[in-house]
Amino acid sequence: MRANTWQGRNSVEVQDVPDPKILNQRDAIVKVTSSAICGSDLHLYDGYIPTMKRGDVIGHEFMGEVVDVGREVTNLRPGDRVVVPFPIACGNCNACAAGLWAACENSNPNAGIAEKAMGHSPCGIFGYSHMMGGFAGGQAEAVRVPFADVGPLKVPDGVTDEQALFLSDVFPTGFMGAEMCDVEPHDVVAVWGAGPVGLFAAVSAFLLGAHRVIVIDRFDYRLQLAREKVGAETINYVEAGDVPETLKEMTGGRGPDKVIEAVGMEAHHQHGIVHAYDRVKQATRQETERPHAVREAILSVRNGGIVSIVGVFGGVADKFPLGAVVNRGLTIRAGQCHVHRYLRPLMDRIVSGEVDPTFIITHTVPLEEAPTAFETFKHKQDECVKVVLKP
Ligand code: NAD
Ligand code: ZN
Ligand code: ZN
């Protein structure tokens with residue numbers, strides 16, 4: 001079959017790879033009908049996620065048709081249309097029982113590598129490095145889905161691929177980002193990043209009852225979506241200069257009540273010195289992150305506020321304003337999204353027409369064009385927000 005493979009820094013290639021097979025009786029094979037490129041894939045593409053190997057099949061946002069199931073998968077049968085969560089979770093361990101699906105204790109066969117880096121291992125993830133399990137991903141014609149008896153959600157007739165696809169990741173991730181804010185009716189919520197994750201975080205903050213939502217980015221075409229499709233206010237940080245100061249002005253001097261970081265380890269920074277510091281330290285592997293948006297979020301939130309981090313980080317960060325967190329009584333919450341938890345409730349919101357997730361799609365291209373699409377998405381060319389790949 002054909003699949004998009006990682007070939008090293010700034011290089012992916014669509015190649016012939018072996019067809020996936022059932023290896024365990026809880027597996028399903030899904031023939032992919034739609035897949036997407038995520039900001040998380042850019043961290044792979046840019047070479048910041050360790051333990052990638054040349055030829056790895058990438059992609060963790062996908063849906064399609066079940067074509068084969070193991071004997072223990074009794075809830076699915078060939079022909080079912082499903083959307084698949086990006087975290088692989090067993091459904092039986094302590095973490096899964098607590099609803100912490102992305103922290104599943106059983107789904108990462110390479111847990112030892114992750115333990116060295118992070119103390120304990122998170123779940124396995126499709127197409128996201130050997131440290132995360134070495135599972136082949138979904139930018140492919142077909143995928144082996146482990147624990148298929150607990151992960152995939154059947155897509156109702158009448159819901160299109162484009163409506164269902166983002167339940168695999170970015171809609172639930174944005175929703176969890178907002179949910180971790182314990183939104184209250186009078187709240188002002190600020191969101192760093194107007195990519196798909198930030199936009200869904202903003203949508204979700206409103207769904208959960210926020211009074212005002214302010215989205216921060218440097219790309220006007222993305223901020224325009226935040227204004228026109230989400231109803232948020234926006235800050236272009238290049239024009240504004242000092243984001244915490246601008247937020248103070250917009251909130252009567254107090255700062256936003258809750259803040260969501262949806263940028264991740266490759267944050268851009270307008271002002272030279274700190275950005276140069278992060279770039280050098282990240283490039284020489286002395287820190288894994290460029291955590292500028294996290295720093296700004298922490299410094300901006302009001303005293304006693306909540307900092308919700310859904311951007312992806314890999315290891316250790318410098319110049320982390322711990323003093324602000326402790327002295328101003330902030331709460332930090334973070335996580336890879338526990339997607340399984342949100343599949344049904346968010347599907348219900350899609351079916352009822354409350355949310356139409358398709359508003360983020362700007363590009364739909366054949367899988368064969370993945371290499372060009374990665375470049376377009378990475379450099380935010382052609383007003384790109386989200387690319388859907390069609391195998
Ligand atoms: P994206 O690349 O489309 O969007 C990131 C946006 O952040 C861009 O628009 C960029 O201009 C903006 N940005 C960069 N520096 C900034 C700064 N200093 N201040 C404000 N905005 C800034 O990516 P995406 O798909 O929206 O993903 C965003 C992050 O979420 C990534 O780190 C991704 O890995 C992560 N993610 C996490 C999970 C999870 O489960 N926690 C799931 C999916 C994605
Ligand atoms: Zn993703
Ligand atoms: Zn588990």
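**Exercise 1. Determine how strand 4 and strand 5 pair, and over how many bridges.**

Step 1. Strand 4 and strand 5 (residues 81-84) pair in the antiparallel sense over four bridges; two strands pair if DSSP finds at least two bridges between them. Strands (E, at least two residues) and helices (H or I, at least four residues) are DSSP runs, numbered from the N terminus.

Step 2. The bridge partner of Glu 65 in strand 5 is Arg 81.

Step 3. Strand 4 (residues 61-69) also pairs with strand 3 (residues 28-37), in the antiparallel sense over eight bridges. Here Ser 35 stands opposite Phe 62 in strand 4.

This is a predicted model, in which local features need pLDDT of at least 70 and side-chain atom pairs count only at pLDDT 80 or more, whereas totals for chains, interfaces and linings use all residues. Residues are numbered from 1 along each chain as its sequence is written, chains are lettered from A and ligands numbered from 1 in the order in which they are written, and side-chain values use heavy atoms, with hydrogens and water left out.

**Exercise 2. Establish the strand order of the open sheet of six strands and identify its edge strands.**

Step 1. The order is 12-11-10-13-14-15, with parallel pairing.

Step 2. Strand 12 (233-236) and strand 15 (331-334) are the edge strands, each pairing on one side only.

Step 3. From one strand to the next, the twist averages 20°.

Step 4. Strand 11 and strand 12 pair in the parallel sense over four bridges, and Ile 216 stands opposite Ile 235 in strand 12.

**Exercise 3. Find which strands helix 9 lies across, and its angle to strand 11.**

Step 1. Helix 9 (residues 243-250) lies across strand 10 (188-192), strand 11 and strand 12; contact means heavy atoms within 4.5 Å.

Step 2. Helix 9 runs at about 160° to strand 11. Axes are lines fitted to C-alpha atoms, for helices over the stretch in contact, and angles run from 0 to 180 degrees between N-to-C directions.

**Exercise 4. Characterise the shell around ligand 1.**

Step 1. Ligand 1 is surrounded by 32 residues, among them Ser 40, Asp 217 and His 268; a residue is near if one of its heavy atoms lies within 4 Å.

Step 2. The shell divides into 16 nonpolar, eleven polar and five charged residues; Asp, Glu, Lys and Arg count as charged, Ala, Val, Leu, Ile, Met, Phe, Trp, Tyr, Cys and Pro as nonpolar, and the others, Gly among them, as polar.

Step 3. Helix 1 supplies the largest share, four residues.
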